[in-house]
Amino acid sequence: MNRDNLLSIYLNDHLAGATLGVELAKRSRASNQGTSLGDFLDRLVHEIETDRETLKRLMQELAIRPDPLKTCGAWAAEKLGRLKLNG
C-alpha cells in the first residue's frame, strides 16, 4: 500500500470520526441546554464542524474523495447507539 492510499484511509477515518463526534455532541448538547455543560458542548459542536470543513477542503485540494460508506456508517452508528437500553 502506498502513502497516498494510507493518507486517504487516514483522512477518511478522521472525517468519519468527526461526523460521529459532531452528532454525539449535538445530541448531548440538546440534553444539557442551559447548563455549563451545554455551553461547553455548543462550543465543541462548532469546533468539530469547523474541523470537518477544514478536513473536507484539505481532501479536495489533495484530490482525495470522501468515502461515503465510512461517513454514512459513522452517522448511522451514532443514531443506532441511541437504541441501546439504558435501564
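**Legends to the close-up views**

**View 1.** Helix H1 is among the elements that cover the buried residues of helix H2. The model is a predicted one, in which local features require a pLDDT of at least 70 and side-chain atom pairs count only at pLDDT 80 or more, whereas totals for chains, interfaces and linings use all residues. Residues are numbered from 1 along each chain as its sequence is written, and side-chain values use heavy atoms, with hydrogens and water left out. Helices (H or I, at least four residues) and strands (E, at least two) are DSSP runs, numbered from the N terminus. Residues are called buried under 20% relative accessible area, exposed over 50% and partly exposed in between (1.4 Å probe, protein chains only). Covering is judged by contact, that is, heavy atoms within 4.5 Å. The buried residues of H2 are Gly-38, Leu-41, Val-45, Ile-48, Arg-52, Leu-55 and Met-59. The end C-alpha atoms of H2 lie 38 Å apart, in agreement with the 38 Å that its 26 residues should span at 1.5 Å a residue; the expected span is 1.5 Å times one less than the number of residues.

**View 2.** His-46 belongs to helix H2, which comprises residues 36–61. With a relative accessible area of 52%, His-46 is exposed. Its C-alpha atom is 8.5 Å from that of Val-22, although the two residues are 24 positions apart in sequence.

**View 3.** Ala-63 occupies the loop between H2 and H3. Just after H2, Ala-63 adopts a positive phi of about 60°, although the residue is not a glycine. Its relative accessibility is 69%, and Ala-63 therefore counts as exposed.

**View 4.** The buried residues of helix H3 are Thr-71, Ala-74 and Glu-78. They are placed on the same side of H3 because they cover an arc of only 65° around the axis; the arc is that of the directions from the helix axis to the C-beta atoms. Pro-68, Leu-69 and Leu-80 are exposed on the other side of H3. The cover over the buried residues of H3 includes helix H1 (3–31). At the N-terminal end of H3, Asp-67 serves as a cap, with a side-chain oxygen 2.9 Å from the backbone nitrogen of Leu-69. The 14 residues of H3 should span 20 Å at 1.5 Å a residue, and the end C-alpha atoms, 20 Å apart, agree with this.

**View 5.** Asn-12 is a residue of helix H1. Its relative accessibility is 3%, so Asn-12 counts as buried. A polar atom of the Asn-12 side chain lies 3.3 Å from the backbone oxygen of Arg-65. A polar contact is a pair of N or O atoms within 3.5 Å; within protein, one must be able to donate a hydrogen and the other to accept it, and residues adjacent in sequence count only if both atoms are side-chain atoms. Leaving aside residues up to four places away in sequence, Asn-12 touches Met-59, Ile-64, Arg-65, Pro-66, Asp-67 and Lys-70.

**View 6.** Glu-23, also placed in helix H1, is joined to Lys-79 by a polar contact of 2.7 Å between their side chains. With a relative accessible area of 15%, Glu-23 is buried. Beyond residues up to four places away in sequence, Glu-23 touches Trp-75, Glu-78, Lys-79 and Arg-82. The C-alpha atoms of Glu-23 and Glu-78 are 6.8 Å apart, with their positions 55 residues apart in sequence.

**View 7.** The protein chain contains three helices and zero strands, in the order α-α-α along the sequence. Its C-alpha trace spans about 45 × 30 × 15 Å along the principal axes. The radius of gyration is 15 Å, whereas a compact globule of 87 residues would have one near 12 Å; the radius is taken over C-alpha atoms, and the globule rule is 2.2 Å times the number of residues to the power 0.38. Of the 87 residues, 23% count as buried. Among contacts with a separation of 6 or more, 75% are between residues 24 or more positions apart. The mean pLDDT (the predictor's confidence in each residue, from 0 to 100) is 92, and 95% of the residues reach 70 or more. Confidence is highest in H2, at a mean of 97, and lowest in H3 (residues 68–81), at 89.
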